[in-house]
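Me: I am new to this structure. Can we walk through it in short questions and answers?

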Amino acid sequence: MSIEKAAIEKPTPRSTGVTTLTRGKDERLSVLSAAPIVLETPHSLLAEHPVTPKPILFVRNVQHLPEGRTAEPSDLADWEIALGGLIDQPVTIRGADLLGMDQVEHEMVLQCSGNGRAKFSEVFPIKGTAWNQGGVANVRFSGVPLSAVLEKHKVKIDRAARFITAEGKDLPAAFETQDFEHSLPLASALEKSIFALKLNGEPLSRLHGGPVRLATPGFYGTMHVKWLRQLRFDQTESTNFYHATEYRVPKIFLKPGEQFEFTLENSIPTWKIRLMSFIFDPQPAATLQSGVQTFSGVAFNDGAARLESLLVSFDRGQSWRQAALHAPASPYAWYPWTIKAELMPGTYEVWSRAVDALGRSQPLDGTIFWNPNGYEWNGVHKIAFTVK
Ligand SMILES: Nc1nc2c(c(=O)[nH]1)N[C@H]1C(S)=C(S)[C@@H](COP(=O)(O)O)O[C@H]1N2
Ligand SMILES: [Mo]
């Protein structure tokens, strides 16, 4: 090829493909799946913001909603949500009704229950979306509490109802597969769930479930059903594939690698977020200068009790130091933490471990909570780095 020709044929810029999949998302997200869309956020981006901005917020669609491929908002006024099952009579809630009601806002961790699946896979390969540890964020959802809507519409719940099952407008890709839905304990939903209309103060984008999504602080993101169309009051949990077989944790301890036949009786859904911490700074394989350096990250739990401490080790768990743990905006939000340390040149691992007021802490080895589907990894976070 002549020199002139080579100069004219500029190589096309390398692209991760994020912007071709959806409008409004950052190119630096990792594409785990194109259809349905699954985008993971590198921890280096999460480190930059106390509240995760929409362009870098991870996306996890199990199913596909064709009109949902955009980070733009969608029309709320004509949206309808059908309430049915064990209530005195079916009720239809309209988007316009929700707009006219008092709004509440909760800052909360949004985390896929499959976040960290790659950690389980290091021990024994697991199928399913290969999340590293970036299926997590800290966001502000606002909207109308479920309890306020029920009160306004004078809905009488049958005493036999124990669960509420939420379903979205999205449909399965193949005709024979089951439609994604999830049940929540009725008591938790009445206490915590909101019809979320806004994310970080802006109308909820389609990609994240707009115009209406069920958000339940303290629960895994998986349970925050998007494009909410139907709420059913039930005596039992849904027997739907995604609820009764997937997205569950065994009630017993399994050996790493062990298989398990999930049933409604022998397991519980990936409901309440397990205590967890992340190190955002340094990034894996970073090289730091010797002298005093600041290490930082976040920690969170299900909001049932406050976090008591964040322990950091630079010697693979032989000794631990207390990091400064900063108060969160709400019990369900993440707590930023920082610690200064002076290290001699060498190769290190920094480990972070959260402890809460209920005495819960992260296991040193996350595989002790073995889950054959790779849910709810919460092992001590470990980052290897070098000091020069
Ligand atoms: N209707 C519907 N709701 C859904 C899903 C889905 O595929 N369809 N995915 C769930 C899963 S598994 C997760 S982790 C969160 C992800 O929320 P995000 O994409 O807004 O980050 O949405 C949940 N709600
Ligand atoms: Mo998820």
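Me: Which side chain has an N or O atom 2.7 Å from an oxygen atom of ligand 1?
Reply: This is a predicted model. An oxygen atom of ligand 1 has a side-chain N or O atom 2.7 Å away. That atom belongs to His208.

Me: How much of the area that ligand 1 exposes when taken alone does the protein bury?
Reply: Taken alone, ligand 1 exposes 540 Å². The protein covers that area, and the buried share is 100%.

Me: Which residue has a backbone N or O atom 2.7 Å from an oxygen atom of ligand 1?
Reply: Two backbone contacts are worth a look here. A polar backbone atom of Phe58 is 2.8 Å from an oxygen atom of ligand 1. The 2.7 Å backbone contact is made by Val62.

Me: How many residues surround ligand 1?
Reply: The closest are Phe58, Val62, Asp170, His208 and Lys226. The space that ligand 1 takes is the largest cavity. The number of residues around ligand 1 is 19.

Me: How many residues of the shell around ligand 1 are charged?
Reply: Sort the shell by class. Nonpolar residues number nine, and polar ones six. The charged residues number four.

Me: What is the strand order in the open sheet of four strands?
Reply: The pairing in this sheet is antiparallel. Its edges are strand 16 (276–281) and strand 21 (324–325), and each pairs on one side only. The order is 16-18-22-21.

Me: How many bridges join strand 18 to strand 22?
Reply: Go across the sheet from one edge. Strand 16 is joined to strand 18 (residues 291–300) by five bridges. At the other edge, strand 21 pairs with strand 22 (residues 335–343) over two bridges. Strands 18 and 22 run antiparallel, and the bridges between them number nine.

Me: Which residue in strand 22 is the bridge partner of Ser296?
Reply: Each pairing has an example. Phe278 is partnered by Val298 in strand 18, and Leu325 stands opposite Trp337 in strand 22. For Ser296, the partner in strand 22 is Thr338.

Me: Which strands are the edges of the five-strand open sheet?
Reply: The pairing in this sheet is mixed, and the order is 17-24-23-19-20. An edge strand here pairs on one side only. Those strands are strand 17 (286–288) and strand 20 (321–322).

Me: Which residue in strand 24 is the bridge partner of Trp351?
Reply: Strand 23 (residues 346–356) and strand 24 (residues 381–387) run antiparallel. Seven bridges join them. In strand 24, Trp351 is matched with Lys382.

Me: What is the omega of the peptide bond from Asp281 to Pro282?
Reply: Most peptide bonds are trans. The bond from Asp281 to Pro282 is cis. Pro282 sits in the loop between strand 16 and strand 17. Omega for the Asp281 to Pro282 bond is near 10°.

Me: Where is Pro36 found?
Reply: The peptide bond from Ala35 to Pro36 is cis. Its omega is near -5°. Pro36 is in the loop between strand 1 (30–33) and strand 2 (38–40).

Me: What is the phi of Asn200?
Reply: Most residues other than glycine have a negative phi. Asn200 lies in the loop between strand 10 (194–199) and strand 11 (202–203). Asn200 has a positive phi, near 50°.

Note on methods
Residues numbered from 1 in each chain as written. Chains lettered and ligands numbered in written order. Predicted model: local features only at pLDDT ≥ 70, side-chain atom pairs only at ≥ 80, totals over all residues. Heavy atoms only, no water. Pairing = 2+ DSSP bridges. Near = heavy atom within 4 Å. Polar contact = N/O pair within 3.5 Å; in protein donor to acceptor, adjacent residues only side chain to side chain. Areas by Shrake-Rupley, 256 points an atom, 1.4 Å probe, with all protein chains shown as cover. 1 Å grid on protein atoms, 1.4 Å probe; cavity = no way out; pocket = protein on both sides within 12 Å on 5 of 7 lines; lining within 4 Å. Sits in = over half its atoms within 2 Å of the grid points. Nonpolar A, V, L, I, M, F, W, Y, C, P; charged D, E, K, R; others polar.
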